[in-house]
Amino acid sequence: MTSEPPTEPPTEPPVEFSAGVPRLLEAMRSIGTDLELRSTLDRICATAAELSGARYTAIGVMDEAGDDYSEFVTYGVAEDLMERIGVPIRVQGRIFGHLYLADRRDGAEFSGQDLHMTRVLATAAGMAIGNARLYEAARQRERWIDGSVAVTTALLSGGDAGDTADPLSVVAEQARRLAGADAGIVLVPAEGGGLEIVAVCADTPSSRLGVVFPATSPVVAALLDGESVFMDDAATESPSSSSDLADSYGPLMLLPLESGGRLLGALATPRARGARRFTETERILAAQFASQAALALVMAEAQRDRERLAVLEDRDRIARDLHDVVIQRLFATGMMLEGGRARGVAAEVRTGIGRAIDELDVTIQEIRTAIFALQQAPTEEPSGLRTRVLREIKMAAVPLGFVPGSRFVGAVDSAVGELTEKNLIAALREALSNAFRHAHASRIDVVVDATATLPDGTDAVRLSVADDGVGVPEGGRRSGLRNLSRRAEALGGSSRVEGGIGAAGGGTTVVWQAPLDPELS
């Protein structure tokens, strides 16, 4: 008969530890009452100090990679005392961080009971930190989702169809806010290759707008291939070709703006040197945001194209109606009036009919101008003075039967102000109309001189419209010439009639001049 060895009784915790259990349980309860990570860490530090009698405590939480601390919180800690003692904080066997205690208030050494209670507290702290991290991750995902929705809403809510910089500014602003970055930067493919900065959101005005990074840069090449680039210290990790952007920054995310295999550009979110590096979760969320932003940009572009097409179709319809219906009816009315004037009626009636016919001619010219404007795409740049003058000459060539000559002197597009330009075009239209209706000319020369000077020395633009016609008849109507004078005088200029370019000075030359910019005169 064999006897079994006696069973050893379970190890009882020290009496001192048992006495501290109520305080330990209360401490464990208190540190789990908050879901904010920072306040949870503050509470753990304060609780550990109270429970162990330590004068100084600190807690460091490891980042997702486990390479460094992502958070480090202290309680009464001096730097030279930080590493006197540390207890690992574990969650499911994985080290989440370290809890540091130093310098008991009573001057004694930390006992086994202190270490035992601190380990129990560290276990509870690990669970509290895990819960706080899950809560923070959920909130972080919610913020990025809300940011993506905000970008999509802003881009699809309308705006100036020709303004492409504004949508990109919205993307830069939201990316900077969500990533907690010092700046949000959007780059697009440059004409000559590489990537060009087109939008920057930062606290201070940026001088980097328009900077182009060459395609030979490894970073740019990766982005153009649709690959993301992450750096912990851009100033030391980026190649020299992109150092102009990276010199003043630390952690950096560079993400392609790509949708449906089409690369629209790239998004950069740099943080200051020495700032916390981007976590793996932040990188994933930022990449998802960039994809959503790229899709929103494509959708916004398609929406603008549809709106632009609708406007063009509507303009084309209006132009056709004006040309095919309105102008034809005006021509028919003019022919009816001409027929009535040819029949023997009183002189005053013939004069009235002639005046009505002249007004119809002017109306037809104005409608043709409107048709030309309607056929111009809404996103085209406003025409300069030279283009507008040539346009008027081209339209006048139809009733004249020939194209008047034209000559320009000086910087007519840049020197002439908007108000003077508007009135000069009206004066040209009036002068060409007079030449067609009254002069019976076979030749007309138009000169626009932006280097002229008024009698008082003011810089001016001078319009000359010379013809070889019959000249201004004695007793003829001069309402058109009076209109020219009134327009010029209202701007501080003048208008006069001189001899023309016909034989022996025959014909008429209308000279109209006004200050380049009356508002500056």
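This is a chat about a predicted model of a protein, going from the whole chain to a few of its details.

Biologist: Let's start broad. How many helices and strands does the protein have?
Modeller: There are 13 helices and 15 strands.

Biologist: And what share of the residues count as buried?
Modeller: 42% of the 521 residues do. As for the outside, the protein exposes about 27600 Å², and 52% of that comes from carbon and sulfur atoms.

Biologist: What about contacts between residues that sit apart in the sequence?
Modeller: Take the contacts between residues at least 6 apart in sequence: 61% of them join residues at least 24 apart.

Biologist: OK, sheets now. What's the strand order in the open sheet of five strands?
Modeller: The order goes β11-β12-β13-β15-β14, and the pairing is mixed.

Biologist: Which strands stand at the edges?
Modeller: Those are β11 (405-409) and β14 (494-499). Each has a single partner strand, so one side of each has no neighbour in the sheet. Going from one strand to the next, the twist averages 15°.

Biologist: Do tell me about β11 and its partner. Parallel or antiparallel?
Modeller: β11 and β12 (residues 444-453) run parallel, joined by five bridges. To see one pairing, find Phe-408: its bridge partner in β12 is Val-448.

Biologist: Which helix packs on the sheet by touching β11 and β12?
Modeller: That's helix α10, residues 385-400. The direction of α10 makes about 165° with that of β11. Then there's helix α12 (residues 418-439), which lies across β12, β13 (459-467) and β15 (508-515). Helix α12 runs at about 15° to β13.

Biologist: Back to α10. How far does it reach from its first C-alpha to its last?
Modeller: 22 Å, for 16 residues. That is close to the 22 Å expected at 1.5 Å a residue.

Biologist: Which of its residues are buried?
Modeller: In α10 the buried ones are Leu-385, Val-389, Arg-391, Glu-392, Ile-393, Met-395, Ala-396, Ala-397 and Leu-400.

Biologist: Why would residues three or four places apart in a helix point the same way?
Modeller: An α-helix has 3.6 residues a turn, so a step of three or four places brings you back to the same direction. You can look for that spacing in α10, where Leu-385, Val-389 and Ile-393 are among the buried residues.

Biologist: And what comes just after α10?
Modeller: Gly-401, which takes a positive phi of about 90°.

Biologist: Switching topic: how many salt bridges does the structure hold?
Modeller: Ten. One of them links Glu-421 with Arg-388, with the closest N and O atoms 3.2 Å apart. Glu-421 is in helix α12 and Arg-388 is in helix α10, so this pair ties together parts that are 33 residues apart in sequence.

Biologist: Is that Glu-421 buried or exposed?
Modeller: Glu-421 counts as buried, at 11% relative accessibility. Arg-388 has 26%, which makes it partly exposed.

Biologist: Which residues get joined into one network by salt bridges that share partners?
Modeller: Asp-232, Arg-277 and Arg-283. Asp-232 pairs with Arg-277, where the closest N and O atoms are 3.5 Å apart. That pair links distant parts of the chain, 45 residues apart: Asp-232 is in the loop between β8 (229-231) and α6 (234-237), and Arg-277 is in the loop between β10 (262-272) and α8 (280-342).

Biologist: And the Arg-283 side of it, how far apart are the closest N and O atoms there?
Modeller: Asp-232 and Arg-283 come to 3.4 Å. Arg-283 lies in helix α8, so this bridge ties together parts that are 51 residues apart in sequence. Asp-232 itself is partly exposed, with a relative accessible area of 32%.

Biologist: Last one: why is strand β5 largely enclosed by the rest of the structure?
Modeller: Because six of the seven residues of β5 (residues 183-189) are buried. β5 pairs with strand β6 (residues 195-202) in the antiparallel sense over seven bridges. β5 also pairs with β10, again in the antiparallel sense, over three bridges.

Biologist: So what does Ile-185 stand opposite in β10?
Modeller: Ala-268. In β6, the bridge partner of Ile-185 is Val-200. The hairpin of β5 and β6 has five residues between the strands, and there Gly-193 takes a positive phi near 100°.

How values were computed
Residues numbered from 1 in each chain as written. Predicted model: local features only at pLDDT ≥ 70, side-chain atom pairs only at ≥ 80, totals over all residues. Heavy atoms only, no water. Pairing = 2+ DSSP bridges. Helix = DSSP H or I, 4+ residues; strand = E, 2+ residues; numbered from the N terminus. Axes fitted to C-alpha atoms, helices over the stretch in contact; angles between N-to-C directions. Contact = heavy atoms within 4.5 Å. Expected span 1.5 Å × (residues − 1). Buried < 20%, exposed > 50% of the residue type's maximum accessible area, 1.4 Å probe, protein only. Areas by Shrake-Rupley, 256 points an atom, 1.4 Å probe, with all protein chains shown as cover. Salt bridge = Lys/Arg side-chain N within 4 Å of Asp/Glu carboxyl O.
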